[in-house]
Amino acid sequence: MAQPSLQALYAQCAASCAATWPQEAEALVFGEGCDQAPPLMLIGEAPGEQEARQGRPFVGKAGQNLSAFVQVLGLPREALYITNVVKFRPKRISPTGRTVNRPPARQEIAFFTPWLYREIALVRPRALVTLGNVALHAFMAPERMIGDCHGQWIQIEVPVADAGEEVYALFPLYHPASVIYNRALLSVYQRDLELLSQTLPGVPK
């Protein structure tokens, strides 16, 4: 169970979300894992179908890839904190009538990003790992794309309410789902993870 301050944050976020997207407020997916100074906080873009059904982040196909990849770090999933920028599943109706995922809209990202900052302030991870461009752009200008800055440490500033900004080390990775659709990225992802494992601050090697 999340620490009380995080539970309060989740409740506040859900109430605020209900005022804008009442149809989504009952299906929000918040973070899970070690929520008190974990070595890493992994941040994706939004829940998918399985995440929305189970109420947990990264449990679908991309989550299976993520679980396999974090083994490279020598840390169990439970030792990390895993969340998304947008807390509900962005979806649309396909031409065949199926409900399918879609990229989060700007309005959705803008709404949830300040909540993400508050989440970071409460969890206080040693470092951040963004998964894909949506998560990366919660901290960096949209001109910076994942293809340009993946696999390297970047110092960023995260706004903190009533306290200015706090500096964090950020390590951008491709989204695990990208490997599903582009197998050529697998070797790149593995190299980035190995580098992350070798340079992760505060974790004995």
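**View 1. Glu119 and Lys87, a buried pair in the predicted model.** Both residues are buried. Glu119 and Lys87 form a salt bridge, with their closest N and O atoms 2.7 Å apart. The pair links distant parts of the chain: Glu119 belongs to helix α4, Lys87 to the loop between β3 and β4, 32 residues apart.

**View 2. Lys91 and Glu24, joined by a salt bridge.** The N to O distance is 3.0 Å. Lys91 lies in strand β4 (residues 91-93), and Glu24 in the loop between α1 and β1. They are 67 residues apart. Lys91 is partly exposed, at 34% relative accessible area. Glu24 counts as buried, at 10%.

**View 3. Arg102 and Glu108, a further salt bridge.** Here N and O are 2.6 Å apart. Arg102 is partly exposed at 24% relative accessibility, while Glu108 is buried at 5%. Elsewhere, Glu32, Arg56 and Arg77 are joined into one network by salt bridges that share partners. The whole structure holds 7 salt bridges.

**View 4. Asp35, buried without a salt bridge.** Asp35 sits in the loop between β1 (32-33) and β2 (41-44). The nearest side chain of opposite charge, Arg124, is 12 Å away. Contacts of Asp35 include Met1, Leu6, Tyr81 and Leu122.

**View 5. Helix α1 (residues 4-20) and its buried side.** The helix has 17 residues and spans 25 Å between its first and last C-alpha, close to the expected 24 Å. Leu6, Leu9, Tyr10, Cys13 and Cys17 are buried. These residues cover an arc of only 100 degrees around the axis, so they lie on the same side of α1. They pack against β3 (81-84) and α4 (106-123). Pro4, Ala15 and Ala19 are exposed on the other side.

Conventions
Residues numbered from 1 in each chain as written. Predicted model: local features only at pLDDT ≥ 70, side-chain atom pairs only at ≥ 80, totals over all residues. Heavy atoms only, no water. Helix = DSSP H or I, 4+ residues; strand = E, 2+ residues; numbered from the N terminus. Expected span 1.5 Å × (residues − 1). Buried < 20%, exposed > 50% of the residue type's maximum accessible area, 1.4 Å probe, protein only. Arc of directions from axis to C-beta. Contact = heavy atoms within 4.5 Å. Lys, Arg positive; Asp, Glu negative; His and termini not counted. Salt bridge = Lys/Arg side-chain N within 4 Å of Asp/Glu carboxyl O. Lists of a residue's contacts leave out its neighbours within four places in sequence.
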